[in-house]
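Let's take a walk through this model together, starting with how its chains meet and ending with a few details inside them.

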Amino acid sequence: MMNKKHLIGEGFKHVFLMTLSLLCVFPFYWMIVGMTNSSADITMGKLTFGNKLAENVTNAFNYSNLWRAFGNSLLLAVIVTGIGLLICSIAGYAFVVFPSRGKEILFLALIASMMVPFAAKIIPMFRMFSKMGLLNNYLAIILPAIGSPFLIFFFKQNAYSFPKDTLEAARMDGLNEYQIFFKIFMPMMKSTYAAAGIFMFMASWNNYMWPLIALQSDTKFTLPLVVANLASGFTPDYGMTMVGIVLSTLPTIIVFFTLQKSFVEGMTGSVK
Amino acid sequence: MKGSTLEKKNSRIGWTMVIIASVLILAFSYIPMVQAFLLSLKTGKGNNLTFGGVANYVRMLNDTGFKTTIGNTLFYAVIQIPIMLLLALLVAVLLNSETLKLKGFYRTCIFLPCVTSPISYAILFKNIFATDGVVNHVLLSIGLINSPIAFILDPVWAKFVIIIALIWRYSGYYMIFFLSALQNTDKSVYEAAKIDGANFRQSFFKITMPILKPIIFLTSIMAVTNTLQLFDEVVNLTGGGPGNATRTISEYIYDLSFNYVPNYGYAAAVSYVVLVIIVLITIVQKKVTGDHDE
Amino acid sequence: MRKKVSRVAISMCAAASMVLSVVAPAMTVVAETTDEPVELTVWSWDKTMNGTTFEVADSLDDDVTVNFVEMSKADCLQKIHTVLASGVTDDLPDIVSISDLNAQGYLMSYPDAFLPMDDYINYDDFASYKKDMVSYDGVGYGVPYDTGVAALFYRTDYMEEIGVTDEDMQDLTWDEYLALGEKLKEKGHMLQTYNPNDIAEFQIMLQSTGKWFTDNDGNADFVNNDALKECYDVFKKLNESDFCQVVSDWTGFAGAINNGDVACVMRGSWITSTIMAGEDQSGKWKMAPIPKMSTEGATHYSNQGGSSWFVLKNSKNAEAAAKFLGKTFGGSVEMYDSLMKSNNIIGTYLPASDCEAVEAASDFFSGQQINKTLVEWEALIPSVNTGAFSAEAQSALLAVTPNILNGSDLDTELAAAEEQFNQTIQ
């Protein structure tokens, strides 16, 4: 009896999740299909594979230096994700482990900073980086990106579930505060780092408006800027645009695929 | 005595740990923000600026463009955010099950929409919701409607198409934050509850929800911030139309700065009003959800 | 203990700065040597069209090399705004393209940012309506480039089905044109596309009568503008008709053309490349003058779109850039000839209007001398003062358009739009 009910419940779950998955995958499928069709076929809504793949790929890569842009984006994303995770997670951790009135106020100030529409900050930011002599320099992209209020917030909220007794035990064992963070907290919060890594990678990878303004020479342009050009002519060629779009979505999927495993593992490294 | 030196030392360590990220954020956000505020007190076109005091803020009171777009934006937030977060939470809890098969497959599929480029899914969404698109076909064939609906071109339906697109695109994204938080919880707590005879609903409300509370607070603030700054989806799907029916406040700020003959002062003033609105909503959220440390 | 702490902190900083120093050297700009040709940086959009144009121009001038930086149009315009508004003067591009309807706005917003071009080109060499668009306070700043002579492109095979000849198409009124829709519908074709959220066709219709959204002083000209009212009259008829293919964006629009859904397209001449993307329709299209409105002063000739080049006064090579533009866009018939051959680009440089390529007949357009016809029409386009606020005017009108289509009183709605317009431009 209990088992039967359980099975029906499982069945419902699968039907629900499967429907959802199909709805989510369909546009992705369509994007892949689009890569193999002509622009006219895409605008007419064709849903089956065509034979234009080679042509579209050739056109896309002839049109722009997609690999260079891909490399630029990847370099930026790796640096931003790496440094960002480090400095934001340690900050989020400290907000919980060493709470104080001053830090509480600082934290609110950090959170408020993400609530100003970016369009209002563009011109002052441009002026600022010009004064620093950093226009057309990747530092102009990296510096504002690695300090992410959201990421600090995310680590802060997750640090609440870092057990107090683990912390005390580590202090008893004579570990200093940095060792506790690097040797205990970091390995234990693997799934938090995984989610944060996905977030940070995506934020950097899709960053559009600021790189558009801050970078001047097209050899430094990132992938989203170059892909946007593919579809911007008076006669957009959606076939080759799809090639660019697929190329620009693959890395995020790979990152997700790699990191999602740690969701399954969770707190297995828990030190008791 | 010993306690106080330890406290001092810990306080110093604490500040060292937050300092790098904080300085970066403060420098690159607050310097531009202060400049933007000063700009909001100036009026004029392009670089021909003169000091106008609160003139820009007064101007908003009579600006139908501002009122319409802020209204649309809040409408999106009110409908979309609760549905999206509930869906994300539900899926995360389902996928957190130990025994569920195909977990990885579902997880990847449901995450996929948020990596899809707006250019590509906008084309597709418009196809699906076209008068001769899939949705109309289905609705016609099951007899819900008698004639096709021009979803994208109808002021009311167009809003819902955007809301559907947002839910579709971001539920999987918020799901990962819930999922990762669920993974941080001790499995033994659930097992103990199970032994005590707790069913799914009980363990959800008694164990899962309290654990997720900080993350729910976080995601709701994030969602409000993102939705009130909504830009890409609307530009790509409806371009703000028909008329101004789907135009958002961010699109309006963009137009004021870059599409019209630029009025940077007014655009900055509108931005500050958006900031104030988000902050107010956040305070309410904090009261309602209750942050962990309250 | 304390040592350890600072060591961790130091190593963290070191790691960070190491990563950053790897990135930084890649950024440094290589200094130019003076013997080499001057490198001019151009910010523009549409590499296929504008990029090719600069390649051709580059090949005609040995003193310069062109570095064409492509961005999408909206991005390009945004970037120029940001750079000029910030007052930053290093790393400026030398030449930027600005669409004609935006030009007055830039010239008004950033006094002294653009280099006056009167000394480098002779504005009398260009179509007169273009000169007005790129001048401010009597000074010419822009170098006129392309134009979008408006035309009515139609499917000859569909017209044949309803017994309409090419001759019938030459002198249509809007009523006659709309009447074709009924007949086409019976044969299973649509007259044209219709997007209730896009009033771009108004630009064509208004200019064909010598009117615009705004008057000569830049004030809204909505309520007493008979031409605008006629536009809405036509728009309402399209809205209520059953012979239009309803679309919501460019994709749908282009799809309807390439799919063979519609018999007619009225746009600037740049639409030819979209039409020609439907390769299977070669030989089935022709081009006629646009339908004539009934308002006083109406003609069959108009313009839609087009852009011009501007030199930034504070750029490193402003002088060289101005000379280059004068030599090529303001002086080379050869360049326009070659552009017309390769990309069907119709310039606004009058001396080029009898160049060789003008005579060419197009196979796609049933052997018609497309270029020659367009150049002839170009000279007949009424000049209008489009002012600085075209985008604002169209936004204000679009906002009330759903009400107008729903049958609300036209005068009331236009008055409301005028109020919104005045709000926006203050």
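## Where chain C meets chain A

Look for salt bridges across the interface of chain C and chain A and you'll come up empty: the rule finds zero. Keep in mind that this is a predicted model. What you do get between chain C and chain A is 10 residue pairs in polar contact, both residues being at pLDDT 80 or more. On the chain C side, several pieces each chip in with at least two residues: helices H1 (2–23), H2 (47–60), H3 (73–86), H11 (250–258) and H12 (272–275), plus strand E2 (64–70). Sort the residues on that side by class and you have 19 nonpolar, 12 polar and eight charged.

How many residues of chain C are in contact with chain A? There are 39, and they touch 40 residues of chain A. Together the two chains bury about 3800 Å², with carbon and sulfur atoms giving 65% of that area.

## Where chain A meets chain B

Now swing over to chains A and B, which bury about 8000 Å² between them, 77% of it on carbon and sulfur atoms. The biggest giver on the chain A side is helix H1 (residues 2–34) of chain A, with 16 residues. That side of chain A splits into 65 nonpolar, 17 polar and 10 charged residues.

Salt bridges? Zero turn up across the interface of chain A and chain B by the rule. Polar contacts do show up, though, in nine residue pairs with both members at pLDDT 80 or more.

## Two helices inside chain A

In chain A, helix H4 (residues 66–97) and helix H13 (residues 223–230) have axes that come within 8 Å and cross at roughly 145 degrees. Which residues do the touching? From H4(A) it's A:Leu66, A:Ala69, A:Phe70 and A:Ser73, and they meet A:Leu223, A:Pro224, A:Val226 and A:Val227 in H13(A). By class, this contact has seven nonpolar residues, one polar and no charged ones.

## A sheet in chain C

Chain C holds an open sheet of five strands with mixed pairing, in the order E2-E1-E3-E12-E6. E2 and strand E6 (142–144) of chain C are the edge strands, each pairing on one side only. From one strand to the next, the twist averages 30 degrees.

Zoom in on strand E3 (residues 95–99) and strand E12 (residues 307–311) of chain C: they run antiparallel and are joined by five bridges. For instance, C:Val96 has C:Phe310 in E12(C) as its bridge partner. H3(C) packs on the sheet, touching strand E1 (38–44) and E3 of chain C, and its direction makes about 120 degrees with that of E3(C).

Notes:
Residues are numbered from 1 along each chain as its sequence is written. Chains are lettered from A and ligands numbered from 1 in the order in which they are written. This is a predicted model: local features need pLDDT of at least 70, side-chain atom pairs count only at pLDDT 80 or more; totals for chains, interfaces and linings use all residues. Side-chain values use heavy atoms; hydrogens and water are left out. Axes are lines fitted to C-alpha atoms, for helices over the stretch in contact, and angles run from 0 to 180 degrees between N-to-C directions. Helices (H or I, at least four residues) and strands (E, at least two) are DSSP runs, numbered from the N terminus. Contact means heavy atoms within 4.5 Å. Ala, Val, Leu, Ile, Met, Phe, Trp, Tyr, Cys and Pro count as nonpolar, Asp, Glu, Lys and Arg as charged, and the others, Gly among them, as polar. Buried area is the accessible area (1.4 Å probe) that two parts lose on being put together, summed over both. A salt bridge is a side-chain nitrogen of Lys or Arg within 4 Å of a carboxyl oxygen of Asp or Glu. A polar contact is a pair of N or O atoms within 3.5 Å; within protein, one must be able to donate a hydrogen and the other to accept it, and residues adjacent in sequence count only if both atoms are side-chain atoms. Two strands pair if DSSP finds at least two bridges between them.
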